[in-house]
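Colleague: Hey, have you got a minute to walk me through this one? I'm new to this, so plain words please.

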Amino acid sequence: MTYLALLFCVALAFLLGAVPFGLVIAKTFKGIDPRKAGSGNIGSTNVARLCGLPWGILTLFCDIMKGLLPVLLAVHLLPSAYMQSAVALAAVTGHVKSPFLGFRGGKGVATTIGALLPLAFWPLLCAVLCCVAVIAVTRYVSLGSMVMSVSLILFYALFGRFDLVPLAVILCAMIVWAHRANIGRLARGEESKFLAGKKR
């Protein structure tokens, strides 16, 4: 029964994670396809640039919730952090490799936050605060996102949640890889700043 519950939660997380809310919101309310404008990304930063900050915030909320809900269910149904981690990873993978978008998608940061919320709140909060601080100082969302993903590993270890460190390592690798183009632009001094009206 436990493994059936795991299979159900993983499948649900992947399918829910795959829903491209940024694309749905931008096309429905503004008639804009974020894949063809701005940075070409379906995430909240590009939606905010193209459609306005309120629509970016709505996208952020939806992307967080699609990670949070299946993991919240998994916490109640599955007995181990490793099983729950598999569900969290499925949600983020669905967002990054959405079958609804030809196995392409966003960069997974907001969905990662949502998926990790039910697992260990305080380490996640510390990592998110690091992200916010970096964005506030530099206005580079990409840099803040990568700092968050790296710091998650550290904070899980500091808070004694070594059972979640493997998940944090995998998510960090996924997020940094998804930002590889941003890393190049940061190195060249070409990365655009948040809400500056340029490509991210």
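Modeller: Sure, one term before we start: buried means under 20% relative accessible area, exposed means over 50%, and partly exposed is in between, with a 1.4 Å probe and protein chains only as cover. The model is predicted, so local features need pLDDT of at least 70 and side-chain atom pairs count only at pLDDT 80 or more, while totals for chains, interfaces and linings use all residues. Residues are numbered from 1 along each chain as its sequence is written, and side-chain values use heavy atoms, with hydrogens and water left out.

Colleague: Okay, so is Arg 188 buried or exposed?

Modeller: Arg 188 counts as exposed, because its relative accessibility is 51%.

Colleague: And which side chain does Arg 188 meet in a salt bridge?

Modeller: That would be Glu 190, at 2.9 Å from N to O. A salt bridge here is a side-chain nitrogen of Lys or Arg within 4 Å of a carboxyl oxygen of Asp or Glu. Glu 190 itself counts as partly exposed, at 45% relative accessibility.

Colleague: Why would two side chains pair like that?

Modeller: Side chains of opposite charge can pair when their charged atoms come close.

Colleague: How many salt bridges does the structure hold?

Modeller: Five. Among them is the one between Asp 33 and Arg 35, with 2.9 Å from N to O. Asp 33 is buried, with a relative accessible area of 11%, but Arg 35 is partly exposed at 41%.

Colleague: What about Asp 163, which residue does it form a salt bridge with?

Modeller: With Arg 161, and their closest N and O atoms are 3.0 Å apart. Asp 163 counts as partly exposed because its relative accessibility is 22%, and Arg 161 counts as partly exposed at 25%.

Colleague: New topic: helices. How do the axes of α7 and α8 cross?

Modeller: At roughly 155°, and they come within 8 Å. The axes are lines fitted to C-alpha atoms, for helices over the stretch in contact, and the angles run from 0 to 180 degrees between N-to-C directions. The helices themselves are DSSP runs of H or I with at least four residues (strands are E runs of at least two), numbered from the N terminus.

Colleague: Which word goes with that angle for α7 and α8, parallel or antiparallel?

Modeller: Roughly antiparallel. The cut-offs are under 35 degrees for roughly parallel, over 145 for roughly antiparallel, 65 to 115 for roughly perpendicular, and oblique for the rest.

Colleague: And what handedness does the crossing of α7 and α8 have?

Modeller: Right-handed. That label is used when the near helix is turned clockwise from the far one by less than a right angle, and anticlockwise gives left-handed.

Colleague: Where does α5 fit in?

Modeller: The axis of α5 comes within 9 Å of that of α4 (residues 53-77), crossing at roughly 155°. α4 and α5 are therefore roughly antiparallel, and α4 passes α5 in a right-handed crossing. The axes of α5 and α6 also come within 9 Å, at roughly 165°, and that crossing is right-handed. So α5 and α6 are roughly antiparallel to each other.

Colleague: What's in the loop between α5 and α6?

Modeller: Phe 103, for one: its place is in the loop between α5 (81-96) and α6 (109-116). Phi of Phe 103 is near 60°, a positive value in a residue other than glycine.

Colleague: Why mention the sign?

Modeller: Because most residues other than glycine have a negative phi. Arg 139 has a positive phi too, near 65°. Arg 139 lies in the loop between α7 and α8 and is partly exposed, with a relative accessible area of 40%.

Colleague: Back to α8, then. Is Tyr 156 buried or exposed?

Modeller: Tyr 156 is found in helix α8 and counts as buried, at 0% relative accessibility. Ser 149 lies in α8 as well, and Ser 149 counts as buried at 1%.

Colleague: Last one: which residues make the nonpolar surface patch?

Modeller: Phe 121, Trp 122, Leu 154, Leu 158 and Phe 159, covering about 570 Å². The elements giving two or more residues to the patch are α7 (121-138) and α8 (141-158). Patches are made of residues with over 30% relative accessible area and no salt bridge, joining like charges within 9 Å and nonpolar side chains (Val, Leu, Ile, Met, Phe, Trp, Tyr) within 5 Å. The areas come from the Shrake-Rupley method with a 1.4 Å probe, and for residues only the protein chains shown count as cover. Phe 121 lies in α7 and is partly exposed at 41%.
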